[in-house]
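Here are a few short exercises for getting to know a new protein. Take a look at the model, try each task, and then read the solution.

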Amino acid sequence: MTNNKQFYNYVIPSIGSMLVIGLYFVVDGMFVGRGVGINGLAAVNLATPFISILTSVTMMITMGGATIASIYLGMTEHKKANNTFNTSMQLTILFATAMSIISIFFSTKIAQMLGASQILVNDTAIYIKYYVAFGIFFCSSMTLSAFVRNDGNPNLAFWGMIIGALSNIFLDWLFIFPFQMGLIGAAIASGLGQLLSCLILLTHFIFKKGVLRFAIPIKEKGLITQIIKVGTPEFITQSGRSITVLCYNLVVLDMLGEIGLSAFSVISYLIIIIIALFLGVAQGIQPLLSRSFGQNEKAKETFFFRKGLKLNILLSLIIYIIMIFFGENIISLFNSDSEMIRIAYNCIIIYGGSFVFAAINIVYTTYFLATKRTMPAIVIAILRSVVFNTIFIFLMPTLLGKQGIWLGIIVVEVFVMIVSLVWYKKILLIKTSKQMLNWSYQSKS
């Protein structure tokens with residue numbers, strides 16, 4: 001199989017899988033906006049930072065474990081790859097169970113901590129309680145999908161998530177409109193969709209379609225630490241979206257009020273889908289990069305990295321053009337309030353300027369992570385997800401007023417891109433120096 005064909009065999013299903021994960025949130029938003037109203041939209045948006053903890057920690061475990069397993073598979077160390085898979089699954093299930101217990105008993109306190117007003121606190125708490133109650137299926141579907149893809153079955157990973165998403169769309173309609181279950185129905189529909197995804201993905205292991213098998217994990221010294229260490233950049237990246245949403249929630253609520261928060265909640269849904277595209281490309285090349293790294297195939301490693309970078313840049317430009325011409329129509333799918341649509345469209349036109357830089361930064365972070373260059377991946381993730389966004393999201397409105405609300409994220413992504421480029425050039429320089437030293441040594445020999 002050519003490198004080009006292998007690239008698309010992994011990337012296209014990966015994009016589909018990540019889009020489906022994004023759709024679980026977006027479809028909820030559309031049905032909630034139409035069936036519950038703009039307060040329901042605002043409540044779901046307020047709940048997002050807490051719910052995103054599920055995604056952040058699970059993706060840390062998943063990407064850390066999947067990267068290590070892929071490198072072992074590239075080295076034909078199948079027993080170690082299998083033990084990494086089972087250890088990752090164990091960690092995911094334990095974490096999801098703990099989160100479900102916390103959300104059931106402390107949902108109201110969590111909603112208050114997230115800044116929900118008296119008007120929104122009850123709806124926010126209800127959504128958190130019922131959504132995270134299904135956390136074990138939500139988390140397991142992400143972990144299973146990544147390992148199925150890394151085990152050479154990207155198409156099943158894609159279809160598992162697609163079928164789950166289609167069932168979620170139907171159940172959202174059924175529970176919110178005919179059954180009039182409101183936010184409870186939206187949360188339960190998402191959970192049942194994830195349950196179905198898990199059942200489909202499990203067939204890969206039940207029918208032994210790859211190398212990986214379910215087994216009781218063997219305690220291997222330092223493995224959990226290694227999984228967490230390698231997955232930390234992904235955790236920071238995923239958490240950063242929660243921090244960005246939380247920062248924007250505070251700024252928007254203060255400067256634009258609840259109508260502004262509802263508008264930003266719609267934009268948050270759109271951003272989930274857009275970022276899912278970029279992450280799909282990045283996660284599609286992750287097993288290819290890791291296996292190439294494990295096999296010491298430097299040329300293939302470079303090919304997959306550059307191909308992913310080019311595709312992400314192209315996608316970001318296409319998306320921004322679509323938003324310029326069709327943004328208002330897309331926003332109106334969530335709610336028909338004219339003032340909300342106006343605010344949301346103004347937001348996406350400015351915010352969209354960050355897409356191309358975000359697309360580049362996501363590929364760089366994945367490259368560093370997949371090739372076990374953990375330090376640059378962590379530093380870039382922290383700068384992008386914690387330091388720069390916290391500073392500039394608050395600083396730009398202070399300097400420029402309402403016009404500066406949406407500019408902060410562009411400044412963040414540009415600064416991070418510069419740091420990523422510098423670090424990548426440094427790695428290339430080190431590679432070239434080592435190659436020259438080896439050549440010199442071989443010549444003398």
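The exercises below visit three residues of this predicted model.

**Exercise 1.** Find the helix that holds Ser292, and decide whether Ser292 is buried or exposed.

*Solution.* Start with the location: Ser292 belongs to helix H8, which covers residues 223-294. Next, look at the relative accessible area of Ser292, which is 2%. Buried means under 20%, so Ser292 is buried. Finally, list the neighbours, leaving out residues up to four places away in sequence: Ser292 touches Glu297, Lys300, Glu301 and Phe304.

**Exercise 2.** Work out which residues Ile360 touches, not counting those up to four places away in sequence.

*Solution.* First, go to helix H11, residues 355-370, where Ile360 is found. With a relative accessible area of 11%, Ile360 is buried. The contacts, counted in that way, are Leu309, Ile313 and Met417. As a last step, compare chain and space: Lys310 lies 50 residues from Ile360 along the chain, and 8.6 Å separates their C-alpha atoms.

**Exercise 3.** Classify the exposure of Phe326, and name the residues that make a nonpolar surface patch with Phe326.

*Solution.* Begin in helix H9, which runs over residues 298-331 and includes Phe326. The relative accessibility of Phe326 is 46%, so Phe326 counts as partly exposed. A patch residue needs over 30% relative accessible area. Now collect the partners: Leu314, Ile318, Ile321, Ile322, Ile324 and Phe325 join Phe326 in a nonpolar surface patch of about 660 Å².

Note on methods: Residues are numbered from 1 along each chain as its sequence is written. This is a predicted model: local features need pLDDT of at least 70, side-chain atom pairs count only at pLDDT 80 or more; totals for chains, interfaces and linings use all residues. Side-chain values use heavy atoms; hydrogens and water are left out. Patches are made of residues with over 30% relative accessible area and no salt bridge: like charges are joined within 9 Å, nonpolar side chains (Val, Leu, Ile, Met, Phe, Trp, Tyr) within 5 Å. Accessible areas come from the Shrake-Rupley method with a 1.4 Å probe; for residues, only the protein chains shown count as cover. A salt bridge is a side-chain nitrogen of Lys or Arg within 4 Å of a carboxyl oxygen of Asp or Glu. Helices (H or I, at least four residues) and strands (E, at least two) are DSSP runs, numbered from the N terminus. Buried means under 20% relative accessible area, exposed over 50%, partly exposed in between (1.4 Å probe, protein chains only). Contact means heavy atoms within 4.5 Å.
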